[in-house]
Amino acid sequence: MTPSFQIQEGYGQPPPMFAQEIAQGRSVLANASPARLRAELYHAKGSLNRLLVLLWHKDERVRTAAALALSGGDGHRAYIPRNGHFAGALLRRLAGQDIASTPQERLEQVSQALHTLLEQSANDLRGMANMHYSFLSSALYLALLGTCRDAMASVRRLRVAVAHRGLCRLLYELKQPSVMRRLNAQDAAALAHEAALALAAIPPQELLCFWHGLMQGDRRRRLAYAEALWAFSDRRVVPYLLQALEGQHPDVAIHLVRCLGRMGDPQALSALEKLAYARHRALRQEAATAMNQILRGLERRPSRLLLRPAAPPDFERQLLRPLKERRETLLEPEELLRSYPQEARLAEEKESG
């Protein structure tokens, strides 16, 4: 049976009692809902809070295993970090700080360290533009990509809002021609993919830098951010998308419209209807497709299906039916009339008259 967690050769396994705590924290990171994740982080005895505490443990094996658990494994597959650079880089940033006394402060320490790590990765990507390839630079290339990937995975799993500025910086750097000349296209796509997933995991109201850049940044920045919208699934992003859509360049607006169509929120219909008459042909087509997606979603909603009658009643036929045909159904039964003498007498007088 494949173990659920492995540490690269050279680090060694942590003691069993700590390995169990680390495994519990890793399982929560992989499977917990946002509400449970928050509870586990802020509760003094929560599994995730215990995992963060172990980042300052005196045993290096425990510290390393805890750092690697932030980014890897889902409890069902083996995880071997790429050269272990992420763990060392994160722990070096935490080593100069005393451990905080409250869970909130500890989370802030780890969040800031992850943000710094992402900023450093962005700087390293830019620095590679002036690098001539050699065996040493190839090793640095692999270390940089592995560290950057693991840092973004940790941000996604912990839903670290403060680190979204570093994610935005990475997306922008990946759009720079000088950086792209030095990066393998598949590696750049993989980094952008992981950055989009990390941004989508953070609550939309906390992505202030992202929305600001999408609305007011230069065209290359706006396009870099817009291309990450494919990963978003939280419908709370719709107001931000509608605000960013106003006066947007068609190349950027296309990604916004696709996201709006996927969200299926009817409040976007008026904005999409205006774009259906835009001069840009591709934008018109995307707007029409998005409108159809939203309308089809509305037709499938259970609330609409419950309110719609299974077969419309034939009111006209009922109203035009002759009175003689309806007489038998309109008159009350004879047994019931007998219990009301006055009504029974009136009925007999009518029949005799």
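**Aromatic rings and the nonpolar core**

Phe-210 and Trp-211 are both buried. In this predicted model, the two residues also form an aromatic pair of the edge-to-face kind, with 5.0 Å from centre to centre and 75° between the planes. Phe-210 has a second ring partner in Tyr-225: the ring centres are 5.3 Å apart and the planes meet at 20°, so this pair is stacked. The stacked pair links distant parts of the chain, since Phe-210 belongs to helix 11 (residues 208-216) and Tyr-225 to helix 12 (residues 219-226), 15 residues apart. The relative accessible area of Phe-210 is 0%, and the residue is therefore buried. Tyr-225, at 1% relative accessibility, likewise counts as buried.

These rings belong to a wider arrangement. Ring pairs join Phe-210, Trp-211, Tyr-225, Phe-232 and Tyr-240 into a cluster, and the structure as a whole holds five aromatic pairs. Another aromatic ring, that of Tyr-172, has a charged residue over its face: Arg-221 lies there, at 3.9 Å from the ring centre.

The discussion now turns to the nonpolar core. In soluble globular proteins, nonpolar side chains tend to be buried together. In this model, the largest nonpolar core has 96 residues, and those with the most contacts inside it are Leu-55, Phe-210, Leu-214, Leu-229 and Phe-232. Leu-229 illustrates the surroundings of one such residue. Neighbours within four places in sequence being left aside, Leu-229 is in contact with Phe-210, Trp-211, Leu-214, Leu-241, His-255, Leu-256, Cys-259 and Arg-262.

Leu-214 and Leu-256 also appear around a polar residue, Gln-248, which touches Leu-214, Arg-222, Ala-253 and Leu-256 when residues up to four places away in sequence are not counted. Gln-248 is placed in the loop between helix 13 (238-245) and helix 14 (250-263). Is this loop residue buried or exposed? Its relative accessibility is 12%, and because buried means under 20%, Gln-248 counts as buried. Its side chain makes a polar contact of 2.4 Å with the side chain of Arg-222.

The overall description completes the account. The protein contains 21 helices and zero strands. Of its 353 residues, 41% are buried. Among contacts between residues at least 6 apart in sequence, 70% join residues at least 24 apart. The accessible surface of the protein comes to about 20,300 Å², and carbon and sulfur atoms account for 53% of that surface.

Conventions. Residues are numbered from 1 along each chain as its sequence is written. This is a predicted model: local features need pLDDT of at least 70, side-chain atom pairs count only at pLDDT 80 or more; totals for chains, interfaces and linings use all residues. Side-chain values use heavy atoms; hydrogens and water are left out. Helices (H or I, at least four residues) and strands (E, at least two) are DSSP runs, numbered from the N terminus. Buried means under 20% relative accessible area, exposed over 50%, partly exposed in between (1.4 Å probe, protein chains only). A polar contact is a pair of N or O atoms within 3.5 Å; within protein, one must be able to donate a hydrogen and the other to accept it, and residues adjacent in sequence count only if both atoms are side-chain atoms. Contact means heavy atoms within 4.5 Å. A nonpolar core is a set of buried Ala, Val, Leu, Ile, Met, Phe, Trp, Tyr and Cys residues joined through side-chain atoms within 4.5 Å. Accessible areas come from the Shrake-Rupley method with a 1.4 Å probe; for residues, only the protein chains shown count as cover. Rings of Phe, Tyr and Trp (its six-membered ring) pair if their centres lie within 6.5 Å; planes under 30 degrees apart count as stacked, over 60 as edge-to-face and the rest as tilted. A charge sits over a ring if NZ of Lys or CZ of Arg is within 6 Å of the ring centre and within 35 degrees of the ring normal.
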